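Okay, let's get going. Today I want to walk through two interfaces, one between chains and one inside a chain. Have a look at the model first.

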Amino acid sequence: MTSSLELKGITKVFTDRKTGHQVRAVEDMSFSVAAGELVSVVGPSGCGKSTILNMVSGLYAPTEGEVLIDGEKVVGTRPEVGFMLQKDLLLPWRSIVKNVEFGLEEKKISKAERRERAMLELERMKLAEFADKYPHQLSGGMRQRAALARTLVIEPDIILLDEPFSALDAQTKLVLQRHFARTIAEAGVTCVLITHDLNEAVIMSDRVVCMSGRPGTVVDEFPIELGNRTDPLARSMESKCGNYVKRLFDLLHLEDQAA
Amino acid sequence: MADTQTKLAPDPKGSGSGPGRQATTFLGLRNTLGGNQTEIAAIIGLGVIVIAIWEFLPPALGLPRYIIPTFSDCMAEFGRLAAREDLLRHFMSTLTSALLGFVLGGLLGAACGYLLGMSRLMERVLSPYILALQIAPKVAFAPLFIMWFGYNSIPKLLVTVLIVFFPILVNVLQSMKTVDRDLVNLARVYSMNRWTIFRKIEVPSSLPNLFAGLRIGATLAVIGVTVGELVGGNTGLGFLITYGEGQANTAMVFDAIILLTVIGVALYFAVAAVEKRVLHYLVREEH
Ligand SMILES: Nc1ncnc2c1ncn2[C@@H]1O[C@H](COP(=O)(O)OP(=O)(O)O)[C@@H](O)[C@H]1O
Ligand SMILES: [Mg+2]
């Protein structure tokens, strides 16, 4: 069900369409995520975090190196990967339940089963009563929960979250972090969480990977030894939490000075 | 905490939009009716005043009716046209050509827009020519079409198709170029193929632009037919304009213009009504 993920010596060079300049986004990047583990990736903006996720999801290939899922090289997009961005990416012309069904439409299952699975997922997200509403009728937090429902309904082996909370207000963010933490742990799914919120990285994950500025590469990675990650709020109260955040802060700060 | 929040979440929205929601439907109603009672009264009142000025001012200034026929002259002329000049046939001819030209031009424009939107190379190669054709005054083709196809309804139909075609093509093409890449990527991650992405992401994303094009097309369609009929042929409201001009029957010209406007307005509002239904999910900004 859940998969392990490994990045081996990934380098990604973009060629700018207009100027023809080459941009090194990621440089010799390696890290791995065990099955069922939640790893956060932090780093300054523009260091190639989203680029990594796009390569893991198979949207484009790395220039050098390889991405392995369960030891198998990623060569294209695969339906076992769930994908979520800062933007909810809900289709405005579809009702919420139809949006959740979106990812199931390429699977060979009946319409009735699709609807049933979507409704089940919406119930878990406490959104069942909004099934027939349209995205614009929901708050930002509800929309992001609907997006998580769409991501989880396909029963992915691995989910990739690219700053999913960064567009939300502080209070909604806290509630949603806890909700996500529980849901993801229940599903037992492997997860990569990209964030630039250091506190979020510490309270949500089993391990943190810290990247340098562009071209991004791993400068440090360490496990987070706090309480159960289903309760991020309780974790943030632990005294060790501050130490981890400080450690990340120093790492990133040093990189800034060097740049 | 999560539970209280999820229970609470719809609540502030619900209580906030209790009066808010009412206001929205109220405004929606106002929009369809064109205003509340005082506004409607003012609109009708203004119409009556304009008609009264039209009726009484020109005679008072001593303007002859072959320069400015009065409102009642025009109404009387309507009666005469209907009885003696087969007004209904001319009206229907113009209406059919406008509708047919609009539908054909719209379909062709949308089809070409989507096709060019799918292929970067084609779009790059063709865009200078499209730009040139878009700038070329389409109505100027009317005499050419008459030389080619004769004095029948084909030239006016062609002018209409041509004039409707471009704004729709350009709008659709523009929307295809600005589709949210992240939505397309999401569909790709779900292993959807090119055709499915087109159907499920690109076409729905393009609808607001398509309708903007169709609204422009609806107004242009009437211009296309009119020019086609002015230049050649012996049917349609455009023909009545040249016919009335030849007879120095100004009221006939006025009446033809009024009916052409009616067709244009009807076409425009028909498109707007369909748009409102299809794009119901868009948040409408109400003033
Ligand atoms: N498709 C692309 N073409 C050219 N440059 C790109 C492309 N995608 C990303 N980049 C560049 O790569 C760098 C890393 O981008 P990104 O992965 O989005 O950073 P992050 O998510 O960490 O903020 C940026 O400098 C960006 O401009
Ligand atoms: Mg990013």
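So, salt bridges: there are 3 of them across the interface of chain B and chain A. One pairs the side chains of Asp182(B) and Lys87(A), with 2.8 Å from N to O. Keep in mind that this is a predicted model.

On top of those, you get 7 residue pairs in polar contact between chain B and chain A, counting pairs with both residues at pLDDT 80 or more. Which elements of chain B give two or more residues to the side that touches chain A? That would be α1 (2–8), α2 (10–33), α9 (181–189) and α10 (194–231). The largest share comes from α9(B), with 7 residues. By class, that side of chain B has 13 nonpolar, 7 polar and 6 charged residues.

Now the overall extent. People often quote an interface by the accessible area lost when the parts come together. Here, chain B and chain A bury about 3,100 Å² between them, and carbon and sulfur atoms give 66% of that. In residue terms, 26 from chain B are in contact with 34 from chain A.

Okay, second interface, and for this one we stay inside chain A. The assignment divides chain A into domain 1, which is 5–80 + 158–258, and domain 2, which is 90–155. Ten-odd residues a side? Let me give you the proper counts: the contact takes 10 residues from domain 1 of chain A and 11 residues from domain 2. The C-alpha centres of these two domains of chain A are 25 Å apart.

How much area do the two domains of chain A bury between them? About 970 Å², with 74% of it on carbon and sulfur atoms. On the domain 1 side, three residues stand out: His179(A), Phe180(A) and Thr183(A) supply 38% of the area that domain 1 buries against domain 2, more than any other three residues.

For charge pairing, the count between the domains of chain A is 1 salt bridge. Arg124(A) and Glu186(A) form a salt bridge, their closest N and O atoms being 3.7 Å apart. The polar contact count across this domain interface is 1 residue pair, again with both at pLDDT 80 or more.

If you want to find the domain 1 side on screen, go to helix α5 (residues 170–187) of chain A, which gives the most to it, 6 residues. By class, that side of domain 1 has 6 nonpolar, 3 polar and 1 charged residues.

That's it from me.

Terms used: Residues are numbered from 1 along each chain as its sequence is written. Chains are lettered from A and ligands numbered from 1 in the order in which they are written. This is a predicted model: local features need pLDDT of at least 70, side-chain atom pairs count only at pLDDT 80 or more; totals for chains, interfaces and linings use all residues. Side-chain values use heavy atoms; hydrogens and water are left out. Domain bounds come from an automatic or database domain assignment. Contact means heavy atoms within 4.5 Å. Buried area is the accessible area (1.4 Å probe) that two parts lose on being put together, summed over both. A salt bridge is a side-chain nitrogen of Lys or Arg within 4 Å of a carboxyl oxygen of Asp or Glu. A polar contact is a pair of N or O atoms within 3.5 Å; within protein, one must be able to donate a hydrogen and the other to accept it, and residues adjacent in sequence count only if both atoms are side-chain atoms. Helices (H or I, at least four residues) and strands (E, at least two) are DSSP runs, numbered from the N terminus. Ala, Val, Leu, Ile, Met, Phe, Trp, Tyr, Cys and Pro count as nonpolar, Asp, Glu, Lys and Arg as charged, and the others, Gly among them, as polar.
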